[in-house]
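Subject: Handing over the model

Hi,

Here is the structure I promised to pass on to you. Please open it alongside this email, and my notes will follow below.

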Amino acid sequence: MVSPASALRTADWRRHMFGIYDQVRRAAEEESPSAAHSLWRRERDRLFASHPASPLGDEAKARFEGLSVAPYDPELRFQAVIDDDGTGEHMEVATGTDGTVFFERLGTVSTPVGKLAVWRLETYGGGIFLPVRDGLAGAPGGTYGGGRYLLDTIKGAHLGEGPGDSLVLDFNFLYNPSCAYDERWACPLPGPDNRVDIPLLAGELYTEY
């Protein structure tokens with residue numbers, strides 16, 4: 001059972017994360033996507049190191065010197081329109097912390113690394129969810145074996161929209177779910193339609209803390 005104090009800490013973490021992505025979207029527009037990425041790295045490092053709801057335990061926090069993130073690659077930022085491929089498909093994901101999470105497929109985006117399913121959280125609050133598992137998943141020095149998240153708007157991870165109802169997608173902002181740091185978390189992970197064979201040395205990489 002989640003305690004009131006734990007719930008409040010988690011809510012505060014999400015409030016901060018919404019603020020970070022708000023700054024990211026503004027920085028990408030007013031300065032550059034690279035500057036936005038630097039801000040994202042800096043602010044997430046600060047949260048992981050100090051926030052009481054950090055996925056890192058106390059011992060890991062004591063060793064923490066910053067998340068492992070690949071250098072920014074401008075070729076991995078683009079805009080994509082969600083087509084109707086797979087629209088209406090449903091996915092149920094059992095988690096240990098949030099019970100069964102239900103998703104409905106909005107459609108598919110075509111990206112330079114392959115096609116990816118885009119999902120909507122069916123429960124309260126909605127939200128767009130776009131996980132990715134790439135060819136470096138589980139490899140030494142690569143990415144988290146279970147996959148990473150690009151968009152999870154119910155938790156603030158949103159890079160904005162482009163013209164014609166397109167989504168801004170930037171693989172430099174891929175990040176690890178909480179379960180990558182602590183097994184007490186159970187997170188929805190990419191299914192077959194969110195896996196690509198191409199290695200993506202971009203965004204947050206996998207390091208044990």
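A question to begin with: does W13 count as buried or exposed, going by its relative accessibility? With a relative accessibility of 13%, W13 counts as buried, because the cut-off for that is under 20%. Please keep in mind that this is a predicted model.

Let me stay with the aromatic residues for a moment. Searching the whole structure turns up 11 aromatic pairs. One of them joins W13 and F48 in an edge-to-face arrangement, with 5.5 Å from centre to centre and 70° between the planes. W13 belongs to helix α1 and F48 to helix α2, so this pair ties together parts that are 35 residues apart in sequence. F48 has a relative accessibility of 3%, so F48 counts as buried too. F48 also pairs with F64, this time stacked, at 6.4 Å centre to centre and 25° between the planes. Since F64 sits in the loop between α3 (58-63) and β1 while F48 is in helix α2, the pair ties together parts 16 residues apart in sequence. F64 is buried, as is F48. Taken together, ring pairs link W13, F48, F64, Y181 and Y209 into a cluster.

Next, the helix that carries W13. α1 is 27 residues long, and its first and last C-alpha atoms are 39 Å apart, close to the 39 Å expected at 1.5 Å a residue. Its buried residues are W13, M17, I20, Y21, V24, A27 and A28, and they pack against α2 (33-50) and β1 (77-81).

On to the core. The largest nonpolar core has 56 residues, and the members that touch the most others are L150, L169 and F171. Helix α1 (residues 4-30) is the element that gives the most to this core, contributing 7 residues. Leaving aside residues up to four places away in sequence, L150 touches L130, A157, L159, L169, D170, F171, F173, L174 and Y175. As general background, nonpolar side chains in soluble globular proteins tend to be buried together.

Then there is a sheet to look at. It is open, with 3 strands in the order β1-β8-β7 and antiparallel pairing. β1 and β7 (161-162) are the edge strands, each pairing on one side only. Between β1 and β8 there are 5 bridges, and the two run antiparallel; F78 has L169 in β8 as its bridge partner. On the other side, β7 pairs with β8 (residues 166-170) over 2 bridges, also in the antiparallel sense. Here G162 has S166 in β8 as its bridge partner.

The side chains of β1 are worth a look as well. They alternate along the strand: F78 and A80 point to one face and are buried, whereas R77, Q79 and V81 point to the other face and are not buried.

Finally, a charged residue in helix α2: E43. Its relative accessible area is 14%, so E43 is buried. The E43 side chain makes a polar contact with the side chain of R46, at 2.7 Å.

Happy to hear your thoughts once you have had a look.

Best wishes

Technical notes. Residues are numbered from 1 along each chain as its sequence is written. This is a predicted model: local features need pLDDT of at least 70, side-chain atom pairs count only at pLDDT 80 or more; totals for chains, interfaces and linings use all residues. Side-chain values use heavy atoms; hydrogens and water are left out. A nonpolar core is a set of buried Ala, Val, Leu, Ile, Met, Phe, Trp, Tyr and Cys residues joined through side-chain atoms within 4.5 Å. Buried means under 20% relative accessible area, exposed over 50%, partly exposed in between (1.4 Å probe, protein chains only). Helices (H or I, at least four residues) and strands (E, at least two) are DSSP runs, numbered from the N terminus. Contact means heavy atoms within 4.5 Å. The expected span of a helix is 1.5 Å times one less than its number of residues. Two strands pair if DSSP finds at least two bridges between them. A polar contact is a pair of N or O atoms within 3.5 Å; within protein, one must be able to donate a hydrogen and the other to accept it, and residues adjacent in sequence count only if both atoms are side-chain atoms. Rings of Phe, Tyr and Trp (its six-membered ring) pair if their centres lie within 6.5 Å; planes under 30 degrees apart count as stacked, over 60 as edge-to-face and the rest as tilted.
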